[in-house]
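Student: I would like a close look at one part of this model, the sheets of chain A. Please then connect them to what lies around them.

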Amino acid sequence: MSGLAASVLFVADGLVQARGLRKRFGDFEAVRGVDVDVARGEVFGFLGPNGAGKSSTMRMIACVSPRSEGALQVLGMDPDVDGPRIRARIGVVPQLDNLDTELTVRQNLQIYGRYFGLSRAHVRAKATELLEFAQLTERADDPVEPLSGGMKRRLTIARALVNEPELLLLDEPTTGLDPQARHLLWERLYRLKREGVTQIITTHYMDEAEQLCDRLVVMDGGVIVAEGSPAELIERYSTREVLELRFDPALRPAPDALARLAERVEELPDRLLLYTADGEHTHAEVARAGFVPLSALVRRSSLEDVFLRLTGRTLVD
Amino acid sequence: MTAQVPAPPAPPALLRLLPAGSYAGRSRALLLRSATASRRAWLAFVSGFFEPVFYLVAMGQGLGSLVGVLPGPDGAPISYAAFIAPGLLAASAMNGAVFDSTFNVFFKLKYGRLYEAMLSTPLGPVDIALGEIGWALIRGGLYALGFLSVMAGFGLLVSPWALLALPAALVVAFAFAAVGMAATSYMRSWQDFDLVTLAILPMFLFSTTFYPLSVYPRWLQLVVEFLPLFHAVELMRGLTTGAVHLGMVGHLAYFLVMIVVGVTVASRRLDVLLLR
């Protein structure tokens, strides 16, 4: 009974604890042994490309997908045994909006609250409060369909808050939104964090992970390849700065030719990335060595660079 | 404001046989949802009421003037309208329930992803199956009540037994809704709904709705006696004309089997489809 032994080792204050978590769909193994601890009050991220196993992991935590193997505790309970009890205390924002198109904006919040067994008076007051939070008060009695993508997302998040969850699960919260809508959404998520709501976010946007997450794991091919805060990960797996060089394809030097000028060189289809502590200095060195790029850009390292280092691939194709 | 999210109660003994977490005892929340949603779609609701009334007027009064009288369930002659009215009553209970549990459920399952949203709450697949079937049943029951009032208006309810036609219609609606929802869980696209029409329309026409079983040769009678709507029509016709006999328990048993099989299959399928 190794599963039982593992669950005994769990400490009580973590909201989510997973050990050796696996998910199989027939012959395909989407999650291949994941260990995760999420503490109360933190914003925890799963960063990885599409198909990394982030959503499958989230669905297991949300108690809507039975695990194939491993130990999992959410709010100190086992999803296989206490699914409904756990779901009563968490909020879920799915990857694709699944709002009730036969109901109005306000009714979406009220009826969803009723699924949690909340009283009619309670959900009525709560809906008004959440409409304010989602900045949808003016649209309260409109149907859902004509809302913009950002509004639907905000409504979906407001809906997930109707039961005042201790843990909020957000699966790719800003995918498909324009920059303005994303920033508004991030601001709302910050506010929830300040109010002490623990959040787990999956994303394939490195800027989102950097903006929102206290701590994150990088997932690839169903396993965790690195774990830490965004700053820690960048420090551990990348250099302070990156020099991006674009060349005329005919005159593009082999990466090896530039290797001595930087700590590390990555080759992408359209550019070369030179990892270095001082980008401007390296830029000068490149010019002195006689290379003539079409353009050069110095920037800070990001989680994208961490991901590239760890997997040899970019996050968003 | 603090939430008072009540923990879902432990399921009743019978339902403990189902996988843990499949029933939170809150199917009523789904009824509330359907009632709220139908406030905006009341026209579809009303049209379902008029359909059998049109049939009754066209066939019962129009065609009935040519047909005259027919032998009733107990052999006593009854008017053609009195003969077909219970058939139409059974058919309207069937139609309301089937429409709700197939087209509406399929849309929510495939496009609205509505059940997915519900399963993120304490609700489980059994709550959803019972809630949706329950709504189809209420709708079928309301159609039946409306049609029974019309029958009363035309003087077609000649026996006090007719009072039992309403609960009987609810049983019929429940059975068709349960089986309809179970069938819907196997459908892949809208094309598959042609099969629903293919099942419902001939059943409506040939299950002794418009003429007695005796017009068929024996082998065809056996086929018709196998159809669920035939049992519904027999049940209704016996009750509205007062020709009540013990054999009706058999008709009820037919529907109880449909209910048990339908609810079980529908819940299991929702589990398989959504909780992967």
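Tutor:

**The sheets of chain A and their surroundings**

In this predicted model, six strands of chain A make an open sheet with mixed pairing, in the order β5-β6-β7-β3-β8-β9. Its edges are β5 (90-93) and β9 (223-228) of chain A. Each of these has a single partner strand, so one of its sides has no neighbour in the sheet. From one strand to the next, the average turn in this sheet is 15°, with direction ignored.

Look inside the sheet next. Strand β3 (residues 43-47) of chain A runs parallel to strand β7 (residues 198-203) of chain A, and five bridges join them. One position to find on screen is Phe46(A), whose bridge partner in β7(A) is Thr202(A).

Now the three-stranded sheet. Chain A also holds an open sheet in the order β2-β1-β4, and here the pairing is antiparallel. The edge strands are β2 (28-39) and β4 (69-74) of chain A, each pairing on one side only. The twist from one strand to the next averages 15°. Helix α2 (residues 54-61) of chain A packs on this sheet. That helix touches β1, β2 and β4 of chain A, and its direction makes about 120° with that of β1(A).

Take the strand pairs one by one. Strand β1 (residues 14-25) of chain A is antiparallel to β2(A), with nine bridges between them. Gly14(A) has Ala39(A) as its bridge partner in β2(A). Further along, Ala18(A) is bridged to Val36(A), again in β2(A). The hairpin of β1(A) and β2(A) has two residues between the strands. In that hairpin, Gly26(A) takes a positive phi near 65°. On to the other pair: β1(A) and β4(A) run antiparallel and are joined by five bridges. Gln17(A) is the residue to find here, opposite Gln73(A) in β4(A).

What surrounds the sheets? Start with Leu169(A). Setting aside neighbours within four places in sequence, Leu169(A) is in contact with Met58(A), Ile61(A), Ala62(A), Ile90(A), Gly91(A), Val92(A), Val93(A) and Ile200(A). Compare that list with the elements already named. Helix α2 of chain A spans residues 54-61, and β5 of chain A spans 90-93. Strand β7 of chain A covers residues 198-203.

Leu169(A) also belongs to the largest nonpolar core, which has 155 residues. Leu169(A), Leu89(B), Ala93(B), Val172(B) and Ala178(B) touch the most other members of that core. The element that gives the most to the core is helix α3 (residues 80-110) of chain B, with 18 residues. A second, separate core has 11 residues, including Leu245(A), Leu258(A), Val265(A) and Leu273(A).

The two chains meet directly. Chain A brings 34 residues to the contact and chain B brings 32. On the side of chain B that touches chain A, α1 (27-38) and α4 (114-119) of chain B are the elements that give two or more residues. That side of chain B divides into 18 nonpolar, eight polar and six charged residues.

Follow the core into chain B. Leu148(B) is found in helix α5 (residues 125-153) of chain B. Is Leu148(B) buried or exposed? With 23 other C-beta atoms within 10 Å, Leu148(B) is buried, because the cut-off for buried is 20 or more. Not counting residues up to four places away in sequence, Leu148(B) touches Leu89(B), Ala165(B) and Leu166(B). Leu89(B) is one of the core residues named above.

Helix α5 of chain B has a packing partner too. Helix α2 (residues 42-67) of chain B and α5(B) pack at an angle of about 35°, their axes 9 Å apart. Their crossing is right-handed. Gly48(B), Phe49(B), Pro52(B), Val53(B) and Leu56(B) come from α2(B), and they meet Tyr143(B), Gly146(B), Phe147(B) and Val150(B) in α5(B). This contact has seven nonpolar residues, two polar and no charged.

Last, step back to chain A as a whole. It has 12 helices and 13 strands. Its C-alpha atoms fill a box of roughly 75 × 55 × 35 Å, taken along the principal axes. Of the 317 residues of chain A, 48% count as buried. Among contacts in chain A with a separation of 6 or more, 69% come from residues 24 or more positions apart.

How values were computed:
Residues numbered from 1 in each chain as written. Chains lettered and ligands numbered in written order. Predicted model: local features only at pLDDT ≥ 70, side-chain atom pairs only at ≥ 80, totals over all residues. Core = buried A, V, L, I, M, F, W, Y, C linked by C-beta atoms within 7 Å. Buried ≥ 20, exposed ≤ 12 C-beta atoms within 10 Å, placed from the backbone. Helix = DSSP H or I, 4+ residues; strand = E, 2+ residues; numbered from the N terminus. Contact = placed C-beta atoms within 7 Å. Nonpolar A, V, L, I, M, F, W, Y, C, P; charged D, E, K, R; others polar. Pairing = 2+ DSSP bridges. Axes fitted to C-alpha atoms, helices over the stretch in contact; angles between N-to-C directions. Left-handed = near helix turned anticlockwise from the far one by under 90°.
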